[in-house]
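Please look over the model below before reading on, since the paragraphs that follow are meant to be read beside it.

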Amino acid sequence: MQETKAGATQKPKSVNRRMLVGITAVLFALGAAIFLTRSPAEPSYGGKPLSVWLYDVQKLAYNEQGRTNNAPVRAVRTIGANAIPWLLNELRADGSKRNWRGNELLKKQSWLKFRFPDVNKRLSRATVGFRALGAPAIPELLKLLDAKVGYVPGALACIGVPAIPALQQCLTNAHQIQTTSGRTVIFCPGNTISAIHNESLNFGYLPVSALKDLIPTIEEIAVGTNQHARWYATNFLEVYGTQFRY
């Protein structure tokens, strides 16, 4: 350490330079990460961005999140097709290590409030957005099916009757994914049947009468070799099959 005239010590200039270089490198890395994960322009209505309206939708009861008698849902519907690019970007979110490392760095300081959002919250918010929007961004959603097999069928089911052909496509997609524990347990047909049941039939977003064309495929799944999907199909038909002469 170097002595000052008053007898105090100060750090060598080389140490200060290294600190400055380190801080600059961290800021550059964070800036690059933020740039790479940027979203399309977020639409707004009534002075509130779409994400805030979606937060208000999420606070509604589950069966009210697609009902236009609720102000937040009406706001999302008013934004309309302008919401689709932003919602699709949310649905593409992934839990990359880059974002996790970025948040770990950000925790070490207090002056920059930005944090990379939790991926599960983004995915859930996108699904809620499609439920509230009721707009058929069907081709774009189908392109994301294999990557987001746990969310796309639910988003499609929320759209309602116009999504029936897309749901049929999901039922015949035997794609499977691997969990973080290494087990391959989730199959697209099973997720689709669950989505039809939970997102639509239970809450009226999709009338039972609209499912007639899907029943033969679900019956095939119920006697197929895909154990995970077979369980969903069998339970579905036990509840609703009699309405279609099952």
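What follows leads through the nonpolar core, then a helix pair, and then a single residue.

The model is a predicted one, and a convenient place to enter it is the interior. In soluble globular proteins, nonpolar side chains tend to be buried together. Here the largest nonpolar core comprises 57 residues, and those with the most contacts inside it are L141, L156 and F236. Helix α6, which spans residues 119-133, gives the most to this core, contributing seven residues. Once its neighbours within four places in sequence are left aside, L156 is in contact with I138, L141, L142, A163, A166, L167 and C170.

The next stop is a pair of helices. The axis of helix α8 (residues 152-159) and that of helix α10 (residues 188-201) come within 8 Å of each other and cross at roughly 40°. Because the angle is neither under 35 degrees nor in the range of 65 to 115, α8 counts as oblique to α10. The crossing of these two helices, α8 and α10, is right-handed. On the α8 side the residues that meet the partner helix are P153, G154, A157 and C158, while α10 supplies N191, T192, A195, I196, E199 and S200. Sorted by class, this contact of α8 with α10 has five nonpolar, four polar and one charged residues.

The last stop is A71, which lies in helix α3, a helix covering residues 71-79. Is A71 buried, exposed or partly exposed? Its relative accessibility is 42%, so A71 counts as partly exposed. Although A71 and D56 are 15 residues apart along the chain, their C-alpha atoms are separated by 9.0 Å.

Terms used. Residues numbered from 1 in each chain as written. Predicted model: local features only at pLDDT ≥ 70, side-chain atom pairs only at ≥ 80, totals over all residues. Heavy atoms only, no water. Axes fitted to C-alpha atoms, helices over the stretch in contact; angles between N-to-C directions. Helix = DSSP H or I, 4+ residues; strand = E, 2+ residues; numbered from the N terminus. Parallel < 35°, antiparallel > 145°, perpendicular 65-115°, else oblique. Left-handed = near helix turned anticlockwise from the far one by under 90°. Contact = heavy atoms within 4.5 Å. Nonpolar A, V, L, I, M, F, W, Y, C, P; charged D, E, K, R; others polar. Buried < 20%, exposed > 50% of the residue type's maximum accessible area, 1.4 Å probe, protein only. Core = buried A, V, L, I, M, F, W, Y, C linked by side-chain atoms within 4.5 Å.
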